[in-house]
Amino acid sequence: MISRARMKKDLIGQSVLITGVAVTGLSGFPPAWFVGLLSLLGLWQSASALQLALAYEYQERYPFLWLFLGLLLALPLGIWLLGAWTVFPIALGLTAYFIVTVRDTLHVLQRPRSFWDL
């Protein structure tokens with residue numbers, strides 16, 4: 001059973017990174033900061049999906065693992081064909097994972113607390 005603390009930490013970490021991506025994207029920071037924070041968010045979410053899939057056998061994370069792997073493999077071709085627009089499909093995948101994390105965190109917070117969570 002996935003603990004509340006684990007889901008809260010995951011959601012807080014992703015929220016901080018998404019806020020950083022938004023701030024660097026909307027302000028006058030160099031594009032390298034934006035891409036760096038977006039990459040860090042992708043690494044965080046990939047590690048989170050892998051940990052949930054392997055440690056907790058959470059089947060709903062496997063499609064995201066395949067999505068992240070596919071985006072990573074298509075990245076060089078995307079940069080060659082689309083240039084800076086390659087960030088858009090990656091950002092859509094990361095946004096979808098964040099929405100699923102929020103949904104799952106709300107679900108975990110709604111269930112009754114077990115003895116081990118006390």
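# Reading a predicted model: salt bridges, burial and a surface patch

Guide: The place of Asp-104 is in helix 4, and we can begin there, keeping in mind that this is a predicted model.

Visitor: How should I read burial for such a residue, and is Asp-104 buried or exposed?

Guide: The general idea is a cut-off, since a residue counts as buried when its relative accessible area is under 20%. Asp-104 has a relative accessible area of 9%, and therefore it is buried.

Visitor: Which residues does Asp-104 touch, once those up to four places away in sequence are not counted?

Guide: Asp-104 touches Met-7, Tyr-58, Glu-60 and Arg-61 when those sequence neighbours are set aside.

Visitor: One of these is Arg-61, so I would like to know how to read a salt bridge; how many salt bridges does the structure hold?

Guide: The general idea is to look for a side-chain nitrogen of Lys or Arg within 4 Å of a carboxyl oxygen of Asp or Glu. The structure holds four salt bridges, and in one of them Arg-61 pairs with Asp-104, with 2.9 Å between the closest N and O atoms. Because Arg-61 lies in the loop between helix 2 and helix 3 (62–82), while Asp-104 lies in helix 4 (residues 87–110), this pair ties together parts that are 43 residues apart in sequence. Both Arg-61 and Asp-104 are buried.

Visitor: With which other residue does Asp-104 form a salt bridge?

Guide: Asp-104 also forms a salt bridge with Arg-103, and here the closest N and O atoms are 3.1 Å apart. Arg-103 counts as partly exposed, with a relative accessibility of 43%, whereas Asp-104, at 9%, counts as buried. Through salt bridges that share partners, Glu-60, Arg-61, Arg-103 and Asp-104 are joined into one network.

Visitor: Where do the partners Asp-10 and Arg-6 lie?

Guide: Asp-10 and Arg-6 are both in helix 1 (residues 4–26), and they are four residues apart, which is about one turn of the helix. Their side chains meet in a salt bridge, at 3.2 Å from N to O. Asp-10 is buried, with a relative accessible area of 3%, and Arg-6, at 15% relative accessibility, also counts as buried.

Visitor: Turning to the surface, which residues form a nonpolar patch?

Guide: The general idea is to look for nonpolar side chains that are accessible and lie within 5 Å of one another. In this structure, Leu-77, Trp-80, Leu-81, Leu-82, Trp-85, Phe-88 and Leu-92 form such a patch on the surface, and together they have about 910 Å² of accessible area. Helix 3 and helix 4 are the elements that give two or more residues to the patch, and the largest share, four residues, comes from helix 3. Leu-81 is found in helix 3, and with a relative accessible area of 56% this leucine is exposed.

Visitor: What is Ser-46 in contact with, leaving aside its neighbours within four places in sequence?

Guide: With those neighbours left aside, Ser-46 is in contact with Leu-65 and Phe-68. Ser-46 lies in helix 2 (residues 31–55), and with a relative accessible area of 26% Ser-46 is partly exposed.

Visitor: How far apart in space are Ser-46 and Pro-30?

Guide: From C-alpha to C-alpha, Ser-46 and Pro-30 are 25 Å apart in space, and in sequence they are 16 residues apart.

How values were computed
Residues numbered from 1 in each chain as written. Predicted model: local features only at pLDDT ≥ 70, side-chain atom pairs only at ≥ 80, totals over all residues. Heavy atoms only, no water. Buried < 20%, exposed > 50% of the residue type's maximum accessible area, 1.4 Å probe, protein only. Contact = heavy atoms within 4.5 Å. Patch = residues over 30% accessible without salt bridge, like charges linked within 9 Å, V, L, I, M, F, W, Y side chains within 5 Å. Areas by Shrake-Rupley, 256 points an atom, 1.4 Å probe, with all protein chains shown as cover.
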